[in-house]
Amino acid sequence: MAVLLGLLPTLLPILGLFGLYVAVLAVIPGARLRWRNAALALIFTGAMLYTLAYPFAVAPGVFLDARGAILAVAILFGGPWVGGITALAGCLYRLQLGGAGAVAGVFGLMLNLLGTLWLLRYQSRPLLAAQPFPASMPLVAHPLRLGLLVGCWAGLAEALSLLLIPPWQQGWRLFVDSGLTLAGVQLLGFFVMGSLLWTYHQRQLLELALRRAELDLLLARQERDERFEVIFEQAAVGIALVAPDGSLLKVNGKLCDILGLDRAELVARTFQAVTYPEDLDADLARVAQLLAGEIDTYQLEKRYLRGDGALVWANLTVSLVRHGNGRPHYFISFIEDISERKAYQQQISTLAFQDVLTELPNRRLFLDRLRYALVRSERSALYGAILLLDLDHFKTLNDTQGHDVGDSFLQCIALRLRECVRAEDTVARLGGDEFVVILEGLAKDEAKAASRAEQLAEQIRLAVGLPFSFERKDSPRVFQTTASIGISLFHGDHAALDDLLKHADLALYDAKAAGRNTLCFYNIEMQYALEIRAVIQNALYHAQELNELLIYAQPQVDRGGRLVGAELLLRWHHPKVGWISPSQFIPLAEETGTILSIGQWVLRSACQTLARWARQPQYAALTLSINVSIRQFRHAGFVDEVRAILAETGAPPARLKLEFTESIVIDNVDDTVRKMNQLRQMGIRFSMDDFGTGYSSLSYLKKLPLDQIKIDQSFIRDMTSDADDAAIVTAILSISRSLSLQVVAEGVETEAQQQFLYDHGCELYQGFLYGRPMPLAELEQFHQHVR
């Protein structure tokens with residue numbers, strides 16, 4: 001026990017040496033081996049000298065210390081060079097100390113050195129510095145076992161060295177009393193050191209495994225990045241990494257080829273800048289859904305702008321990559337060029353819906369557009385029409401000049417038809433020499449719609465009849481043909497498509513039966529009405545010079561039944577047709593402009609009559625009212641014309657009364673008031689005709705210089721049986737009295753009507769009860785009778 005306690009101060013540094021060695025390795029892990037070994041040699045030599053300087057004497061000249069353990073540790077951790085230097089220093093210092101055990105001490109150190117080196121197989125580098133440990137060293141397979149073996153040998157070498165101490169009896173006694181104890185202590189110490197060494201070795205193996213795992217992960221990531229770069233650059237589609245703000249972070253070469261830009265130019269732009277403006281809103285809407293987390297990816301077809309300004313169709317697939325915290329990182333977009341596919345689709349669509357020769361819609365597309373035209377007609381309440389057109393004698397051109405000339409002629413006709421119609425209309429080719437036109441939005445009135453359809457059809461007929469020039473080897477040729485056109489009106493979507501085409505076909509058949517080069521309506525009544533309208537319109541140009549227009553007058557009487565004046569009305573008696581209603585020819589006169597000359601003639605006739613009456617006392621107080629049309633009143637020279645006629649005829653202006661409807665006021669109030677004031681300064685009086693049938697009369701009564709209003713006969717007719725009409729008439733009479741306006745009741749036909757008006761204060765009356773429209777000569781006789 002005394003030996004154990006004596007050696008304890010020298011054994012403790014062994015553990016310190018191990019810790020110091022580990023610290024050296026940690027501080028200078030990248031240092032060269034020779035410099036690390038030099039540092040270890042100094043450490044272990046110092047420890048060797050320290051333990052020899054403070055020994056434990058067991059006999060005179062015989063010392064026990066930790067030299068063997070220090071040498072074993074130096075060899076184990078420092079290698080043969082560090083161990084040799086440590087052993088040499090220990091031997092020299094022990095010889096210097098002298099004594100009976102000096103030789104035995106040196107022998108013990110050398111035996112320890114040689115045995116430990118043998119156990120390590122003469123390794124030229126420290127055990128723990130080997131990276132990794134050599135697999136050829138079986139002793140290193142278990143560091144704990146290595147520590148036990150080294151400890152046993154170090155203790156045994158110390159114990160055996162005691163046998164060399166003379167005399168041998170003393171050496172044997174020291175070997176038995178102290179050598180075995182020293183060997184056990186060293187064995188215990190090296191067992192602890194071996195355990196620590198084994199733990200450290202396991203930690204090194206773990207660190208090595210971690211370093212290898214990190215290296216493998218780094219290599220795998222590098223390989224993955226390299227593989228991604230290869231895939232990114234060699235992909236058959238364009239790929240772009242796009243920031244959330246739209247800037248392009250990275251693009252591949254294929255995308256540069258698709259957009260016709262080099263990489264630097266493309267990355268300097270945003271995806272919004274290279275997107276076709278009409279497709280940008282749809283793209284941004286899907287991007288917003290991605291950012292909001294509503295969808296994981298989206299796909300759409302869109303157009304891009306190439307660097308040269310051309311459009312590129314592409315199939316776009318976009319996904320969003322997020323950070324670990326969920327924030328958007330970047331979009332990855334795959335752009336596939338589908339321009340060629342789109343071109344094929346367009347070709348397919350063209351073949352399916354267009355006539356290849358003329359590039360007009362074919363029958364299939366025509367029926368589709370007609371279906372939509374019927375729906376729009378239903379919504380707008382506007383009439384439309386179908387014009388079915390057949391080229392007369394086209395077969396002759398085709399048979400005599402060949403199909404190439406016939407095809408060129410059809411292409412020319414298609415171009416002419418396009419030029420004749422409006423942008424909203426449709427021209428289609430049904431096949432052969434048969435074309436069809438859809439006219440939309442003609443008018444709400446059937447007669448006007450038919451008239452406009454007829455005008456367009458006539459324009460088409462004339463365009464088709466223009467000469468067609470073509471070249472032949474011998475000389476230039478000219479072909480001229482005509483067209484037969486069938487017209488069918490439609491209104492809303494009530495009629496079936498087949499029925500409309502059938503109607504147009506029947507009308508076309510009638511046009512051909514009528515001698516070709518003409519047009520016919522399917523509706524026979526409408527056809528008749530159009531023919532009558534054409535006859536009336538043509539005859540109207542000559543009616544005035546042929547004295548077919550007549551001026552009639554309808555009496556106007558006061559409350560006592562006395563004649564106070566008359567309204568001049570225009571009548572037309574055609575020598576073949578007979579009497580033609582004003583409702584038929586007056587609108588035509590407005591449309592054709594003949595109303596200007598007719599109105600001037602009526603005005604002059606009225607002034608001539610008033611001038612003649614002014615010279616006859618019995619008629620001098622009578623007034624004449626004439627109707628002025630809106631076109632006549634809007635004419636720039638109307639006021640001067642009236643002034644000139646009054647001066648020419650000498651008629652008293654106060655006896656002339658001009659009647660106009662509310663439409664004149666609605667169109668241009670300021671111009672109307674200005675002209676009325678100019679005429680009023682001449683002494684002319686004004687009457688508003690058909691009062692109450694419009695929608696603005698009351699708002700202008702105070703503004704206009706009126707003298708009289710005429711209650712429309714539609715209110716007079718039912719006022720004795722309809723409370724609403726009676727209330728309207730009563731209100732008009734009341735308003736007129738308040739505004740000091742004279743009132744004429746038109747269309748008075750019964751005594752009951754007269755009595756109702758009389759009771760409510762009406763001043764003047766006009767209607768069949770007092771006399772039908774009559775020539776002026778009869779009106780003068782009528783005046784003599786009622787006077």
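A residue is classed as buried when its relative accessible area is under 20%, as exposed when that area is over 50%, and as partly exposed in between. In the predicted model described here, Leu706 has a relative accessibility of 9% and therefore counts as buried. This residue is located in the loop that separates helix H24 (697-700) from strand E21 (708-711). Beyond the residues up to four places away in sequence, Leu706 touches Phe660, Met676, Phe686, Met688, Leu701 and Leu741. The C-alpha atoms of Leu706 and Glu659 are 9.9 Å apart in space, although 47 residues separate the two in sequence.

At the level of the whole chain, 28 helices and 24 strands are assigned. The chain has 787 residues, of which 46% are buried. Its accessible surface amounts to about 39,200 Å², and carbon and sulfur atoms account for 57% of that area. Of the contacts between residues at least 6 apart in sequence, 64% join residues at least 24 apart.

Glu659 also takes part in a network of salt bridges, in which it is linked with Glu567, Lys710 and Glu746. Asp689, placed in strand E20 (residues 685-691), touches each member of this network: its contacts, not counting residues up to four places away in sequence, are Glu567, Asn627, Glu659, Phe660, Thr661, Lys710 and Glu746. Asp689 is nevertheless without a salt bridge, despite being buried. The nearest side chain of opposite charge is that of Lys710, at 4.4 Å. A salt bridge requires a side-chain nitrogen of Lys or Arg within 4 Å of a carboxyl oxygen of Asp or Glu, and the 4.4 Å between Asp689 and Lys710 therefore does not satisfy the cut-off.

A second buried acidic residue without a salt bridge is Asp433, for which the nearest side chain of opposite charge, Lys512, is 6.6 Å away. Asp433 occupies the loop between strand E9 (426-431) and strand E10 (434-439). Leaving aside neighbours within four places in sequence, the residues in contact with Asp433 are Leu389, Asp390, Leu391, Phe394 and Leu410.

Side chains of opposite charge can pair when their charged atoms come close. Across the whole structure, 25 salt bridges are found. One of them joins Asp279 and Arg303, with an N to O distance of 2.9 Å. This pair links distant parts of the chain, since Asp279 belongs to helix H10 (residues 277-292) and Arg303 to strand E5 (residues 297-305), 24 residues apart. Both Asp279 and Arg303 are buried.

A further salt bridge connects Glu780 to Arg612, with the closest N and O atoms 2.8 Å apart. Glu780 lies in helix H28 (residues 776-786) and Arg612 in helix H19 (residues 595-614), so this pair ties together parts that are 168 residues apart in sequence. The relative accessibility of Glu780 is 15%, and this residue therefore counts as buried. Arg612, with a relative accessible area of 29%, is partly exposed.

The salt bridge between the side chains of Arg306 and Asp308 has an N to O distance of 3.4 Å. Here Arg306 is partly exposed, its relative accessible area being 25%, whereas Asp308 counts as exposed at 57% relative accessibility.

Strand pairing was examined around strand E7 (residues 328-337), which runs antiparallel to strand E3 (residues 238-242) and is joined to it by 5 bridges. Within this pairing, Gly238 has Ile335 in E7 as its bridge partner. Strand E7 is also antiparallel to strand E6 (residues 311-322), with 9 bridges between the two. Thr317 stands opposite Phe334 in E7. Strands E6 and E7 form a hairpin, and 5 residues lie between them. In the turn, Gly326 has a positive phi of about 95°.

On the surface, Leu215, Leu218 and Leu219 form a nonpolar patch whose combined accessible area is about 280 Å². Leu215 is part of helix H7 (residues 168-234). With a relative accessible area of 47%, Leu215 is partly exposed. Membership of a patch requires over 30% relative accessible area, and the 47% of Leu215 therefore meets this condition.

Notes: Residues numbered from 1 in each chain as written. Predicted model: local features only at pLDDT ≥ 70, side-chain atom pairs only at ≥ 80, totals over all residues. Heavy atoms only, no water. Patch = residues over 30% accessible without salt bridge, like charges linked within 9 Å, V, L, I, M, F, W, Y side chains within 5 Å. Areas by Shrake-Rupley, 256 points an atom, 1.4 Å probe, with all protein chains shown as cover. Helix = DSSP H or I, 4+ residues; strand = E, 2+ residues; numbered from the N terminus. Buried < 20%, exposed > 50% of the residue type's maximum accessible area, 1.4 Å probe, protein only. Pairing = 2+ DSSP bridges. Lys, Arg positive; Asp, Glu negative; His and termini not counted. Contact = heavy atoms within 4.5 Å.
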